[in-house]
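Subject: Structure for your attention

Dear colleague,

Please find below the structure that I am handing over to you. My findings follow directly after it.

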Amino acid sequence: MLSVAVFALLLTLYRREDGMRELYVSSLFVSLLSLFFPDYVVTLPLMWLAAGVQKALNFRVWSASVLGVATVVLYAALTLVVFPNADVVAYVVNVWKDATVRGWCWEVMPLWINVVSLLMALLGLLVAIAHLRRFVVANVRIQTRLLISLPAMLLALLSCCYTAVNGTGVFALLWTNAIYIAVLYITTYGLPQLPSWSRSDPYRRSFSRRSRRR
C-alpha cells in the first residue's frame, strides 16, 4: 500500500518545481519500508529518476527527499538509544543484519512464491517489450508512467532472484509493477490480438450472396 501511495505521489510531479512535499512524503514512506524490507533502499534513486523524467527535479526537491530519509533515520536512532531492548528495535536490527546474507530465490523462498514471481516477471517483461515497440508513438503520459514503473520492476526482479535468506525480498513490488504495466497496456492499446494462421487465397472464390453482388 505504501508503494502504491509513493507511485501515486510521483505521478503528480509532472513539470512541477514545487513538489517538495510530495517527494518528502514519498521518501518518508520508502524509508519506513526500508526499515523492515531493506531492499527498498534501491527505490530511493528511482524516485529521483522519476522526478527527473517528469522535469521536476531540482535542488529543493532533492533536498526535501533527503530530509525525508533523514527524518526516519533520526527517529530510528533515537528509538535505538532510548528503547534498546524493544522488540521492534531487535527485529529491525536482525532484519538489517540478515539482509546481507543472500541466496537464490529457489533456495530461500517457498515454491508458490517462486512460481508466482516467475509468471509475473514473464508477464511484465513481455508487456514491457510490447510497450517499447510503441514507445515512439505513445503520448507523454504513457511514456512517463512506463519510464517510472519499468526500472522499479527490473530492480525488484534482480532483488527477488538473489534475495535475502530471511525472506524480506521485494516480491510485492515486482508483482505490483508487472500488473500495472499490463493494465497500462490494455487500457491504452486494448487486448493484444492473437496471430491469425489462416491465409487468404486470391484464387479461392466465395459463393456468398454479397460476393455475387460485387
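The side chains of Ser159 and Asp39 are joined by a polar contact of 2.5 Å. The model is a predicted one, and the distance is accordingly a computed value. Ser159 is placed in helix α8. Its relative accessibility is 10%, which is under the 20% limit, and Ser159 therefore counts as buried. Apart from neighbours within four places in sequence, Ser159 is in contact with Asp39, Arg102 and Val170.

Helix α8 itself covers residues 140-161. At 1.5 Å a residue, its 22 residues should span 32 Å, and the C-alpha atoms at its ends are 32 Å apart, so the expected and computed values agree. The buried residues of α8 include Ile142, Leu146, Leu150 and Met153, as well as Ser149, Ala152 and Cys160. As general background, an α-helix has 3.6 residues a turn, so residues three or four places apart point the same way.

Just before this helix, Asn139 lies in the loop between α7 and α8. A polar atom of the Asn139 side chain lies 2.9 Å from the backbone nitrogen of Ile142. With a relative accessible area of 40%, Asn139 falls between the limits of 20% and 50% and is therefore partly exposed. Asn139 is 49 residues from Thr188 in sequence, while their C-alpha atoms are 10.0 Å apart in space.

I turn next to the packing of helix α7, which comprises residues 111-133. Its axis and that of α8 come within 11 Å and cross at roughly 145°, and the crossing is left-handed. On the α7 side, the contact is made by Ala121, Gly124, Leu125, Ala128, His131 and Leu132. On the α8 side, the contributors are Ile142, Leu146, Leu150, Met153, Leu154 and Leu157. Classified by residue type, this contact of α7 with α8 has 10 nonpolar, two polar and no charged residues.

Helix α7 also meets helix α9, which comprises residues 171-189. The axes of α7 and α9 come within 9 Å and cross at roughly 35°, again in a left-handed crossing. Among the α7 residues that make this contact are Trp112, Ile113, Val116, Met120, Leu123 and Val127, together with Gly124, Ala128 and His131. From α9, the participants include Phe171, Leu174, Trp175, Ile179, Leu184, Tyr185 and Tyr189. The contact of α7 with α9 has 18 nonpolar, three polar and no charged residues.

One backbone feature may also interest you. Lys55 has a positive phi of about 55°, although it is not a glycine. In general, most residues other than glycine have a negative phi. Lys55 is found in the loop between α3 (43-53) and α4 (59-82). Its relative accessible area is 51%, which is over 50%, and Lys55 is therefore classed as exposed.

Finally, some remarks on the chain as a whole. The protein chain has 10 helices and two strands, which follow the pattern α-α-α-α-α-β-α-α-α-β-α-α along the sequence. Of its 214 residues, 34% count as buried. Among contacts between residues at least 6 apart in sequence, 76% join residues at least 24 apart.

With kind regards

Note on methods: Residues are numbered from 1 along each chain as its sequence is written. This is a predicted model: local features need pLDDT of at least 70, side-chain atom pairs count only at pLDDT 80 or more; totals for chains, interfaces and linings use all residues. Side-chain values use heavy atoms; hydrogens and water are left out. Helices (H or I, at least four residues) and strands (E, at least two) are DSSP runs, numbered from the N terminus. The expected span of a helix is 1.5 Å times one less than its number of residues. Buried means under 20% relative accessible area, exposed over 50%, partly exposed in between (1.4 Å probe, protein chains only). Axes are lines fitted to C-alpha atoms, for helices over the stretch in contact, and angles run from 0 to 180 degrees between N-to-C directions. A crossing is left-handed if the near helix is turned anticlockwise from the far one by less than a right angle, and right-handed if clockwise. Contact means heavy atoms within 4.5 Å. Ala, Val, Leu, Ile, Met, Phe, Trp, Tyr, Cys and Pro count as nonpolar, Asp, Glu, Lys and Arg as charged, and the others, Gly among them, as polar. A polar contact is a pair of N or O atoms within 3.5 Å; within protein, one must be able to donate a hydrogen and the other to accept it, and residues adjacent in sequence count only if both atoms are side-chain atoms.
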